[in-house]
Amino acid sequence: MTHHIVIVGGGAGGIELATRLGRNLGKRGQARITLVDANLTHIWKPLLHEVAAGSLNSSEDELNYVAQAKWNHFKFQPGRMCGLDRARKTIQLEAKLDAAGVELVPPREIAYDTLVLAVGSKTNDFGTQGAAEHCLFLDSRDQAERFHNLLLDQYLCAHAHPQQEGAGQINVAIVGAGATGVELAAELHHAALLLAAYGLDGIRPENLNLTLIEAGPRVVPALPERISRPVHSTLEKLGIKVLVGSPVQEVTAEGLRTADGNFIPASLKVWAAGIRAPDFLRELDGLETNRINQLVVLPTLQSSRDEHIFVLGDCAACPMGDGKNVPPRAQAAHQQASLLAKSLARRLEGKPLLEYRYRDYGSLISLSSFSAVGNLMGNLTGDVMLEGRLARWFYVSLYRLHQMALYGTFRTLLLMLSDRLGRSTEPRLKLH
């Protein structure tokens with residue numbers, strides 16, 4: 001029987017791994033590759049803040065798993081994993097329901113020889129009172145589109161009823177000044193300018209009141225302070241109110257209350273602070289997890305308690321050797337997918353597995369069309385700070401590299417050409 005590799009999770013790391021293994025092992029008939037995901041399409045998670053603001057049309061930038069599987073010699077199975085039987089080497093998938101709650105597909109099992117878990121992470125609200133009930137999150141395309149629709153609804157109401165009390169302004173609060181929070185704030189400011197330019201001027205750009213709230217002492221705390229300072233300065237120049245050293249204590253329907261008693265009114269509230277792996281990993285047939293539900297792995301990316309199970313991306317607690325774990329970044333998932341594509345091929349040949357060593361190539365923060373700031377790290381360049389147009393170019397190139405891993409060079413060039421041509425025939429902002 002041909003060795004069966006099952007990959008659960010079609011995020012950045014999972015879809016890249018399935019594509020690489022399909023092109024290599026699947027095409028040659030050396031292994032069967034199956035990708036499992038609850039959704040039918042993939043969108044690069046670092047772009048969800050653009051979906052929320054409307055500057056990216058998710059329908060045009062999504063990748064269809066069924067088509068990708070056909071093109072790259074792997075199989076796709078829709079479903080949400082809910083259990084694991086390590087003794088029988090099977091995973092359990094939930095029943096598939098339609099919009100009315102009627103069962104379309106009953107619960108089922110998939111057998112594996114090698115299992116790769118790449119189920120990503122979700123936002124961690126740290127149990128803050130009222131956060132789950134009153135905040136929006138940006139963990140999925142559906143959540144990002146929900147935020148966009150709520151924002152657009154308020155603009156349309158103000159456009160149709162300009163005299164209605166309170167219709168002329170919106171208060172938006174974003175909790176967490178990491179990459180997602182900062183980029184969302186800048187993208188929303190840009191969206192406000194475009195909405196007014198398209199005639200939805202019932203709410204003037206200066207009346208979209210954006211507040212960015214960070215518990216720590218500075219914005220983008222994962223980056224060096226020399227990068228944090230210009231980011232903070234640019235946000236304030238855009239009119240975005242930035243509060244640091246202000247942990248949120250409570251969220252209500254009307255706004256947020258910080259630990260120092262300050263109340264921030266907001267009709268739209270986004271929680272973008274912290275991550276944790278999905279809850280079901282805590283009870284996954286005895287696999288070892290840490291306090292944020294990540295599965296503990298060895299340097300080979302094998303689970304600490306099962307050599308047949310590998311873990312990559314945000315859901316993996318992967319040691320770096322300095323007492324810390326690999327940070328939850330897209331570049332880490334990409335590196336791990338590349339390594340596992342080689343390691344799993346070696347495993348079939350009876351060769352030793354490769355060990356993962358995280359290489360930090362720097363980070364870039366996009367401030368919409370206004371600027372970009374970050375640092376690049378490498379053997380030749382050292383640690384170089386970038387800002388402005390050059391940083392923006394490098395930021396965009398990260399997505400293009402992800403597309404190249406999935407589509408290949410030629411098709412990615414066609415996508416770039418299509419994007420360029422589309423700018424002259426489509427609005428700069430999604431208006432529906």
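In this predicted model, Y399 has a relative accessibility of 11% and therefore counts as buried, the cut-off being under 20%. Its ring belongs to one of the two aromatic pairs that a search of the whole structure finds. The partner is W44: the two ring centres lie 5.4 Å apart and the planes meet at 25 degrees, which is under the 30 degrees required, so the pair is classed as stacked. This pair links distant parts of the chain, since W44 sits in the loop between β3 (41-42) and α2 (48-53) while Y399 belongs to helix α10, 355 residues apart. W44, with a relative accessibility of 10%, likewise counts as buried.

The other pair is formed by Y65 and F76, whose ring centres are 5.1 Å apart with planes at 25 degrees, so this pair is stacked as well. Y65 lies in helix α4 (residues 65-71) and F76 in strand β5 (residues 75-78), so the contact ties together parts that are 11 residues apart in sequence. Y65 is buried at a relative accessible area of 2%, and F76 counts as buried at 12%. The geometry of both pairs is set out below.

| Aromatic pair | Distance between ring centres | Angle between planes |
|---|---|---|
| W44 and Y399 | 5.4 Å | 25 degrees |
| Y65 and F76 | 5.1 Å | 25 degrees |

A further ring is involved in a contact with a charged group: R411 lies over the face of W71, at 4.3 Å from the ring centre.

Helix α10 (residues 389-407), which carries Y399, also packs against helix α1 (residues 12-28), at an angle of about 35 degrees and with the axes 9 Å apart. On the α1 side the contact is made by A12, I15, E16, T19, R20 and R23, and on the α10 side by H402, A405, L406 and Y407. Sorted by class, this contact holds five nonpolar, two polar and three charged residues.

Turning to the sheets, one open sheet consists of four strands in the order β15-β14-β13-β19, with parallel pairing. Its edges are β15 (241-243) and β19 (268-271), each of which has a single partner strand, so one side of each is left without a neighbour in the sheet. From one strand to the next the twist averages 15 degrees. Helix α6 (residues 141-160) packs on this sheet, where it touches β13, β14 and β19, and its direction makes about 160 degrees with that of β19. Within the sheet, strand β13 (residues 170-175) and β14 run parallel and are joined by six bridges; V172 stands opposite L210 in β14, and V175 stands opposite I213 in β14. Five of the six residues of strand β14 (residues 208-213) are buried, so this strand is largely enclosed by the rest of the structure.

Another open sheet has three strands in the order β6-β7-β10, with antiparallel pairing. Here β6 (81-85) and β10 (108-111) occupy the edges, and each has a single partner strand, so one side of each lacks a neighbour in the sheet. The twist in this sheet averages 25 degrees from one strand to the next. Strand β7 (residues 90-93) is joined to β10 by four bridges, the two strands running antiparallel, and T90 stands opposite A111 in β10.

Methods. Residues are numbered from 1 along each chain as its sequence is written. This is a predicted model: local features need pLDDT of at least 70, side-chain atom pairs count only at pLDDT 80 or more; totals for chains, interfaces and linings use all residues. Side-chain values use heavy atoms; hydrogens and water are left out. Axes are lines fitted to C-alpha atoms, for helices over the stretch in contact, and angles run from 0 to 180 degrees between N-to-C directions. Contact means heavy atoms within 4.5 Å. Ala, Val, Leu, Ile, Met, Phe, Trp, Tyr, Cys and Pro count as nonpolar, Asp, Glu, Lys and Arg as charged, and the others, Gly among them, as polar. Rings of Phe, Tyr and Trp (its six-membered ring) pair if their centres lie within 6.5 Å; planes under 30 degrees apart count as stacked, over 60 as edge-to-face and the rest as tilted. Buried means under 20% relative accessible area, exposed over 50%, partly exposed in between (1.4 Å probe, protein chains only). A charge sits over a ring if NZ of Lys or CZ of Arg is within 6 Å of the ring centre and within 35 degrees of the ring normal. Two strands pair if DSSP finds at least two bridges between them.
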